[in-house]
Amino acid sequence: MTKTADAVVIGGGIVGCATAYNLAKLGCKKVVLVEEKYLASGATGRCGAGVRMQWGTEPNCILARDSIKMLENLEEELEYPGSIEFKQSGYLLLAYTEKMVEQFHMNIGLQHRLGIPSCWVTPEEVKEIVPHLNTQGLHGATYCPKDGHCNPFKTTDAYAQAAKRLGVEILTYTKVTDLPRNSDRIKGVETTAGIIEAPLVIACAGAYTRQLARLVGVDLPIYPERHQILVTEPVEPLLGPMVMSFYHGTYCQQVPHGGFLMGLGDPHEVKDFNEDSTWQFLHEMAAKITFMLPVLKEVRVVRQWSGLYDLTPDKTQILGAIPEVPGFFVAAGFSGHGFMMAPVVGKLMAEVMLGLEPQYPIEMYGVKRFAEGSLYVEPSVV
Amino acid sequence: MAGKEYAKREEVTVICRCEDVTLEEIRTLINQGITDMEQLKRLLRVGMGPCQGRTCSALLAGEIARATGKYVGEVKLTTFRPLTAPIKLEVLTRGETHD
Ligand SMILES: Cc1cc2nc3c(=O)[nH]c(=O)nc-3n(C[C@H](O)[C@H](O)[C@H](O)COP(=O)(O)OP(=O)(O)OC[C@H]3O[C@@H](n4cnc5c(N)ncnc54)[C@H](O)[C@@H]3O)c2cc1C
Ligand code: FES
């Protein structure tokens with residue numbers, strides 16, 4: 001069975017759904033989104049659900065700052081009947097070494113230049129923001145009240161529903177198996193449900209984007225890396241902001257539902273597609289978090305899972321056209337922070353695909369930077 | 001977690017007791033065409049509570065089967081994730097560190 005479309009979006013995570021919605025909104029008539037499993041089954045539905053403007057490079061600060069502004073009105077824009085559970089109760093980034101203090105002050109300088117309302121807080125002030133935090137060994141922290149949380153399932157659903165209303169066709173449990181070309185130009189996608197011919201194709205397939213690009217002979221530096229995470233039973237409000245420590249490699253936030261979501265970055269993690277959950281993670285996570293927030297000792301863990309980061313060498317996403325294959329675009333390599341950037345990325349990708357003047361200087365996110373060596377190394381990741 | 005207001009309604013069937021999800025809410029989504037258990041779980045939190053769906057999964061599968069005309073055994077259940085039972089963080093800190 002062969003069908004035709006004006007554009008095909010590969011991947012039903014937040015980035016694919018936001019891109020499909022924006023394509024339709026900008027007038028692209030027939031958009032088809034193809035998802036191998038169900039919507040938000042990839043990193044999106046497994047993520048920490050945190051959104052923050054406090055980044056260490058300009059490209060990340062801009063995307064996060066403007067995406068969070070969009071989240072403030074997203075329910076109205078998408079006419080979503082439910083709630084995307086957006087809350088702005090801040091992010092507290094903890095500094096435990098002199099070097100971190102220095103780096104964080106540099107980050108604040110950059111953030112202020114870009115209009116991000118972050119500030120340095122002393123351990124005493126930290127105590128006021130999070131009374132339950134153990135401040136032993138803490139040099140201070142940075143805090144931004146505009147940062148916070150948003151529900152990834154609901155946000156993806158909001159984009160998907162709005163996209164459908166605009167005529168986007170969403171095919172779930174359908175896998176893209178090949179990317180046919182006509183000389184160099186992309187011709188469409190081959191899927192488990194047949195061929196879809198289209199002049200524009202975008203891969204928003206997270207860690208699997210590298211495999212897709214290989215089908216057209218392009219090698220993208222994107223590496224899968226497992227990240228584990230857990231959630232506790234819901235309890236009364238104990239913690240306002242997301243608390244993040246790059247020193248411990250941890251983050252923890254109490255979500256509106258009442259449960260605590262927390263995760264750990266393991267520097268020894270092997271770069272592959274392994275998504276198993278381990279006992280070691282539970283043990284290490286529990287040790288670190290009960291040190292930082294002793295009040296959580298009595299709280300029960302109900303579930304653990306893991307997801308894949310799509311890491312790039314500079315921990316910054318790859319966005320834009322693939323010059324070798326006209327008609328083929330990529331939005332991937334989010335390196336653990338793609339959920340919070342998706343509102344702007346979806347818009348940007350639709351503009352670029354449709355040949356409109358993009359609202360942001362997209363070149364700085366292009367894949368060319370790896371060949372040219374002009375990387376933006378993001379220092380602030382777990 | 002605040003409970004829902006049921007006061008004035010005559011009859012309410014709660015399918016997921018842990019997460020306070022009613023049959024009516026489930027039917028609303030099923031009627032919108034969402035019959036994938038993984039999707040229902042993520043949109044309604046049904047099965048995400050402390051019992052991890054041990055109480056409600058079978059009921060939910062039955063409801064999906066009724067709506068789609070499938071045999072219950074054909075309804076795909078959600079991926080089971082550890083832990084088997086809720087455990088306090090304090091307890092998890094104990095034991096050997098890994099090798
Ligand atoms: C544990 C963890 C915590 C995180 N915490 C945060 C956080 O707090 N804040 C934040 O902003 N980000 C966070 N992230 C990162 C964030 O989840 C991702 O960057 C973001 O969800 C990326 O969305 P996506 O749509 O690009 O990818 P995905 O959600 O991975 O979607 C890609 C989709 O493509 C589909 N697919 C793949 N191959 C094919 C194919 N051949 N055919 C059809 N479909 C295909 C997959 O099934 C998948 O659904 C976290 C990630 C993890 C793993
Ligand atoms: S009854 Fe649904 S999770 Fe326990």
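Buried area is the accessible area that two parts lose on being put together, summed over both. With that idea in hand, the two domains of chain A can be looked at in this predicted model. The domain assignment divides chain A into domain 1 (2-48 + 152-222 + 314-372) and domain 2 (88-146 + 223-309). Between them, the two domains bury about 1,100 Å², and carbon and sulfur atoms account for 58% of it. On the side of domain 1 of chain A, the residues that lose the most area to domain 2 are A:Arg46, A:Gly48 and A:Ala207, which together make up 46% of what that side buries.

It helps to picture how the domains are placed. The C-alpha centres of domain 1 and domain 2 of chain A are 30 Å apart, and the contact takes 13 residues from domain 1 and 14 residues from domain 2. One salt bridge is counted between these domains. A:Arg46 and A:Glu275 form a salt bridge in which the closest N and O atoms are 3.7 Å apart. Two residue pairs are found in polar contact across this domain interface. Sorted by class, the residues of domain 1 that touch domain 2 comprise seven nonpolar, four polar and two charged ones.

Next comes the meeting of the two chains. Here 28 residues of chain B are in contact with 32 residues of chain A. The area buried between chain B and chain A is about 2,900 Å², with 60% coming from carbon and sulfur atoms. Twelve residue pairs are in polar contact across this chain interface, and the count of salt bridges between chain B and chain A is one. A salt bridge joins the side chains of B:Lys88 and A:Glu298, at 2.9 Å from N to O.

What, finally, lies in the nonpolar interior? The largest nonpolar core has 99 residues, and those with the most contacts inside it are A:Leu319, A:Ala331, A:Val345 and B:Leu40. At least three residues of this core come from each of domain 1 and domain 2 of chain A. A second, separate core has 32 residues, among them A:Leu133, A:Leu239, A:Met262 and A:Val301. For a look at one well-connected member of the largest core, A:Val345 is a good place to pause. Leaving aside its neighbours within four places in sequence, A:Val345 is in contact with A:Val15, A:Leu63, A:Leu319, A:Ala331 and A:Phe334.

Technical notes:
Residues numbered from 1 in each chain as written. Chains lettered and ligands numbered in written order. Predicted model: local features only at pLDDT ≥ 70, side-chain atom pairs only at ≥ 80, totals over all residues. Heavy atoms only, no water. Core = buried A, V, L, I, M, F, W, Y, C linked by side-chain atoms within 4.5 Å. Buried < 20%, exposed > 50% of the residue type's maximum accessible area, 1.4 Å probe, protein only. Domains from an automatic or database assignment. Contact = heavy atoms within 4.5 Å. Buried area = accessible area lost by both parts, 1.4 Å probe. Salt bridge = Lys/Arg side-chain N within 4 Å of Asp/Glu carboxyl O. Polar contact = N/O pair within 3.5 Å; in protein donor to acceptor, adjacent residues only side chain to side chain. Nonpolar A, V, L, I, M, F, W, Y, C, P; charged D, E, K, R; others polar.
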